[in-house]
Amino acid sequence: MTLLVLVVLLTSELPDPGRVSTITFSATFGSVIGALAADLRKLPSERAGDATRAGLILGFGAGVLGLLVVFAIDRL
């Protein structure tokens, strides 16, 4: 029961997927995940930049996809 309450509380704090700011949030989150993965793998600076850039692009894409899905659902 406590795990369910925790999941509900965490998801209620996430930004609304139908807002354009979701794209920025997703891109920033992707950049942080890419930088964290590069740091944990002890990559050199050049490859760490590549990992951060890849995380940014993937996060941006996920944000746009989420926005389009919510827009399509809203239109139905």
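Visitor: Which residues does Ser26 touch, not counting those up to four places away in sequence?

Guide: Keep in mind that this is a predicted model. Ser26 sits in helix H2, and at 15% relative accessibility it counts as buried, because the cut-off for buried is under 20%. Leaving out residues up to four places away in sequence, the ones Ser26 touches are Gly59, Phe60 and Gly63.

Visitor: And Ser31, is that one buried or exposed?

Guide: Ser31 is another residue found in helix H2. Not counting residues up to four places away in sequence, Ser31 touches Thr52, Gly55 and Leu56. Its relative accessible area is 17%, and under 20% is what it takes, so Ser31 is buried.

Visitor: How far apart are the C-alpha atoms of Ser31 and Arg53?

Guide: Along the chain, Ser31 and Arg53 are 22 residues apart. Ser31 belongs to helix H2, while Arg53 is in helix H3. In space, the C-alpha atoms of the two are separated by 6.7 Å.

Visitor: Which side chain meets Arg53 in a salt bridge?

Guide: The structure holds 1 salt bridge, so there's just that to look for. Arg53 is partly exposed, with a relative accessible area of 45%. The partner is also partly exposed, at 38%, and lies 3 residues from Arg53 in helix H3, which means about one helical turn separates them. With N to O at 2.6 Å, the side chain that meets Arg53 is that of Asp50.

Visitor: What kind of aromatic pair do Phe25 and Phe29 make?

Guide: A search of the whole structure finds 1 aromatic pair. The ring centres of Phe25 and Phe29 are 6.3 Å apart and the planes are at 10°. Planes under 30 degrees apart count as stacked, so the Phe25 and Phe29 pair is stacked.

Visitor: Where do Phe25 and Phe29 lie?

Guide: Phe25 and Phe29 are 4 residues apart, about one turn of the helix. That helix covers residues 21-40. Both of them lie in helix H2.

Visitor: What is the area of the nonpolar surface patch made by Phe25, Phe29, Ile33, Leu36 and Leu40?

Guide: Start with Phe25, which is partly exposed at a relative accessible area of 42%. Residues need over 30% to join a patch, so Phe25 qualifies on that count. Together with Phe29, Ile33, Leu36 and Leu40, Phe25 makes a nonpolar surface patch of about 520 Å².

Visitor: Which residues is Ala48 in contact with, leaving aside neighbours within four places in sequence?

Guide: Ala48 lies in helix H3, residues 45-75. Gly34 is 14 residues away in sequence, with 7.9 Å from C-alpha to C-alpha. Once neighbours within four places are set aside, the contacts of Ala48 are Ala38 and Leu43.

Visitor: Stepping back, how many helices and strands does the protein have?

Guide: From the N terminus on, the elements run α-α-α. Among contacts between residues at least 6 apart in sequence, 72% join residues at least 24 apart. The count is 3 helices and 0 strands.

Visitor: What share of the accessible surface belongs to carbon and sulfur atoms?

Guide: Of the 76 residues, 16% count as buried. The accessible surface of the protein comes to about 6,000 Å². The share belonging to carbon and sulfur atoms is 71%.

Methods: Residues numbered from 1 in each chain as written. Predicted model: local features only at pLDDT ≥ 70, side-chain atom pairs only at ≥ 80, totals over all residues. Heavy atoms only, no water. Helix = DSSP H or I, 4+ residues; strand = E, 2+ residues; numbered from the N terminus. Buried < 20%, exposed > 50% of the residue type's maximum accessible area, 1.4 Å probe, protein only. Contact = heavy atoms within 4.5 Å. Areas by Shrake-Rupley, 256 points an atom, 1.4 Å probe, with all protein chains shown as cover. Patch = residues over 30% accessible without salt bridge, like charges linked within 9 Å, V, L, I, M, F, W, Y side chains within 5 Å. Salt bridge = Lys/Arg side-chain N within 4 Å of Asp/Glu carboxyl O. Phe/Tyr/Trp six-rings, centres within 6.5 Å; stacked < 30°, edge-to-face > 60°.
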